Amino acid sequence: MNSYTITLIGNPNVGKTSLFNKLTNLRQKVGNYPGVTVEKREGNIEHNGNKYHIIDLPGTYSIYPNSLDEEIVFQILGNKANKDYPDLAVVVSEPSNLRRSILLFKQIQDLNVPSIFVINMKDEIQAKGLEIDLNKLEELLQTKVVLTNARTSEGLDELIQHFNYKPKIAESTFEAGQLYDKAIHEVKSTFKIDSDYLAWLYLGQKNVSYLSSELQNSLASIKKSYKIIERRLQVKETLDRNKYLDNSLKDIITYTHRKETSSTEKLDKVLMHPILGYGIFMLVILLMFQAVYTW
Ligand code: GDP
Ligand code: MG
Ligand code: K
């Protein structure tokens, strides 16, 4: 019997755990990731003579690890030798934040992780006034797109059918640019990895304390000799990817009627904004300090 590891990945609150519960019929093991208190859910199912080990990964907004949850996801996806490295990553999204999820999907695909894309909460597509051209979306993502409703189990059979799907290695949509070519080349040979994008991520991360001290030192010296400024890489990537999505999504995702964005969605937008969000964060810290001192 062939055995495959399937990992559910996506932003928080898209319905990963709901899907996982339905897929495993609640036959699951709940534990922790080694050394940390982050919860790990896993379960096994069999289908058409194949065995699937399904893992519900912690929610992640970005492939750049900014939290412990995100670090766990990055460590698994960035390391083919990790025992949880997926045979297939199921990137789960929901209609109200499709764009952000597609960005995450592209990042995961650029790491050369075989991936399919799920739009969960299919019941909300119409309610949000969305129209999605699925054929074009599959063409853009170069993989299968499956619509699901984790509450009613719609689409789950189709999803399971695709668990042994083998996507072709997709062409990378991300280009680091000449400026970074040599640094990327060195990181790739130091880390013995084949993804330019993974090398780019190592260069763009400030905190790499999860690496061995040997690798941390080599990385630091590469960054120093090429004068790498992590923040600059992250900003460049965000701009490039958003430009790419602006162009490619305009014929794929359309609005039949505009729905008012809710205030939490607006707040979310501000806080996720690379500059505004940081500004607000610093302001809150400043105000806290001031409060402590005047008191
Ligand atoms: P996770 O954070 O990605 O694991 O998301 P959860 O599984 O915890 O789900 C977040 C919320 O979305 C819960 O209130 C679910 O009941 C709800 N939800 C999940 N799937 C669907 C769906 O297909 N349709 C709708 N309308 N709600 C859903
Ligand atoms: Mg969950
Ligand atoms: K909802």
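This is a walk through one predicted model, stop by stop, with selections to make in your viewer.

Before you click: local features need pLDDT of at least 70 and side-chain atom pairs count only at pLDDT 80 or more, while totals for chains, interfaces and linings use all residues. Residues are numbered from 1 along each chain as its sequence is written, chains are lettered from A and ligands numbered from 1 in the order in which they are written, and side-chain values use heavy atoms, with hydrogens and water left out.

**Stop 1: Lys16**

Select Lys16, which sits in helix 1 (residues 16-24). Helices (H or I, at least four residues) and strands (E, at least two) are DSSP runs, numbered from the N terminus. Which side chain of opposite charge is nearest to Lys16? That is Asp56, 5.6 Å away, and Lys16 is buried yet has no salt bridge. Here, buried means under 20% relative accessible area, exposed over 50%, and partly exposed in between (1.4 Å probe, protein chains only). A salt bridge needs a side-chain nitrogen of Lys or Arg within 4 Å of a carboxyl oxygen of Asp or Glu. For charge, Lys and Arg count as positive and Asp and Glu as negative; His and the chain ends are not counted.

Now show the backbone of Gly10: its oxygen lies 3.4 Å from a polar atom of the Lys16 side chain. Leaving aside neighbours within four places in sequence, the contacts of Lys16 (heavy atoms within 4.5 Å) include Leu8, Asn11, Leu57 and Val92.

**Stop 2: Ala89**

Jump to strand 5 (residues 88-93) and pick Ala89. Ala89 is buried, with a relative accessible area of 0%. Draw a C-alpha to C-alpha distance to Ser115: you should get 4.5 Å, for residues 26 apart in sequence. Other contacts of Ala89, beyond four places in sequence, include Thr7, Ile9 and Ile108.

**Stop 3: Lys40 and its charged company**

Next up is Lys40, in strand 3 (residues 39-47). Is Lys40 buried or exposed? It is buried, at 5% relative accessible area. Show the side chain of Asp84 too: a polar contact of 2.8 Å joins it to that of Lys40. A polar contact is a pair of N or O atoms within 3.5 Å; within protein, one must be able to donate a hydrogen and the other to accept it, and residues adjacent in sequence count only if both atoms are side-chain atoms. Ile55 is 15 residues from Lys40 in sequence and 7.6 Å away, C-alpha to C-alpha.

Add Lys29 and Glu42, which form a salt bridge with the closest N and O atoms 3.6 Å apart. The pair links distant parts of the chain, with Lys29 in strand 2 (residues 29-32) and Glu42 in strand 3, 13 residues apart. Lys29 is exposed at 54% relative accessible area, whereas Glu42 is buried at 11%.

For another salt bridge, select Glu124 and Lys128, at 3.4 Å, N to O. Back at Lys40, salt bridges that share partners join Lys29, Lys40, Glu42, Lys83 and Asp84 into one network. The model's salt bridge count comes to 14.

**Stop 4: the rings**

Colour Phe, Tyr and Trp. Rings (for Trp, the six-membered one) pair if their centres lie within 6.5 Å; planes under 30 degrees apart count as stacked, over 60 as edge-to-face and the rest as tilted. The count comes to nine aromatic pairs. Phe74 and Tyr210 are edge-to-face, 6.0 Å centre to centre with 65° between the planes. Phe74 lies in helix 2 (residues 68-77) and Tyr210 in the loop between helix 8 (196-204) and helix 9 (213-225), so the pair ties together parts 136 residues apart in sequence.

Phe191 and Tyr202 are stacked, at 4.2 Å and 20°. Both Phe191 and Tyr202 are buried. Select Phe74, Phe191, Tyr202 and Tyr210 together: ring pairs link them into a cluster.

**Stop 5: helix 8 and Arg241**

Helix 8 is mostly covered, with eight of its nine residues buried. Those buried residues pack against helix 2, helix 3 (98-110), helix 7, helix 9 and helix 10 (230-249). At its N-terminal end, Ser195 acts as a cap, with a side-chain oxygen 3.2 Å from the backbone nitrogen of Tyr197.

Finish on Arg241. Its charged end sits over the ring of Tyr197, 4.7 Å from the centre; the rule is NZ of Lys or CZ of Arg within 6 Å of the ring centre and within 35 degrees of the ring normal. Arg241 also forms a salt bridge with Asp110, at 3.0 Å between the closest N and O atoms. That pair links helix 10 and helix 3, 131 residues apart, and both Arg241 and Asp110 are buried.
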